[in-house]
Amino acid sequence: FSYAGQAHVVRPADPAATSDDEWTAYLYLRTTTRGVHAERWRHVRGCARFFNALRDTTTDQFIASYRCGESPPEIVASSPP
């Protein structure tokens with residue numbers, strides 16, 4: 001699997017009317033979240049498809065995966081053991 005960046009980044013609707021600062025934000029600026037973060041991944045050595053996953057950045061644990069274009073699943077907080 002290969003990391004492909006933050007999930008749900010929306011391309012500007014009208015590229016010709018987008019300012020340099022807006023393009024910079026679209027291309028380079030990403031949210032760095034401590035905790036659960038929506039990411040895009042690719043199954044490189046298998047089907048080569050992209051998919052989205054929710055991953056806890058503090059533990060590197062994957063919580064859920066879902067198809068590109070879908071909304072992230074609702075996460076129910078669990079109580080500690």
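**Close-up views of a predicted single-chain model**

**View 1. Asp 60 and Arg 55 are joined through their side chains by a salt bridge.** In this predicted model, the nitrogen-to-oxygen distance of the Asp 60–Arg 55 pair is 2.4 Å. Arg 55 has a relative accessible area of 14% and is therefore classed as buried, the cut-off for that class being under 20%. Through shared partners, salt bridges connect Glu 39, Arg 55 and Asp 60 in one network.

**View 2. A salt bridge pairs the side chain of Arg 55 with that of Glu 39.** Here the separation from N to O is 2.7 Å. The two residues belong to distant parts of the chain and stand 16 residues apart. Glu 39 is found in strand β2, which covers residues 36-42, while Arg 55 is found in strand β3, which covers residues 50-56. Both Glu 39 and Arg 55 are buried. The number of salt bridges comes to two.

**View 3. Leu 27, Tyr 28 and Leu 29 form a nonpolar patch on the surface.** The patch has an area of about 370 Å². Of its members, Tyr 28 is part of helix α1, which runs over residues 20-28. The relative accessible area of Tyr 28 is 64%, so this residue counts as exposed, given a cut-off of over 50%.

**View 4. The chain contains one helix and four strands.** In sequence order, these elements give the pattern β-α-β-β-β. The radius of gyration of the chain is 15 Å, well over the 12 Å given by the globule rule for 81 residues, so the chain is more spread out than a compact globule. The C-alpha trace extends over about 50 × 30 × 20 Å along its principal axes.

**View 5. Burial, surface and contacts are described here for the chain as a whole.** Of the 81 residues in the chain, 22% are buried; Arg 55 and Glu 39, shown in View 2, are among the buried residues. The exposed area of the chain is about 6,400 Å², and 51% of that area comes from carbon and sulfur atoms. When contacts between residues at least 6 apart in sequence are considered, 34% of them join residues at least 24 apart.

Definitions and conventions. Residues numbered from 1 in each chain as written. Predicted model: local features only at pLDDT ≥ 70, side-chain atom pairs only at ≥ 80, totals over all residues. Heavy atoms only, no water. Salt bridge = Lys/Arg side-chain N within 4 Å of Asp/Glu carboxyl O. Buried < 20%, exposed > 50% of the residue type's maximum accessible area, 1.4 Å probe, protein only. Patch = residues over 30% accessible without salt bridge, like charges linked within 9 Å, V, L, I, M, F, W, Y side chains within 5 Å. Areas by Shrake-Rupley, 256 points an atom, 1.4 Å probe, with all protein chains shown as cover. Rg over C-alpha atoms; globule rule 2.2 N^0.38 Å. Contact = heavy atoms within 4.5 Å.
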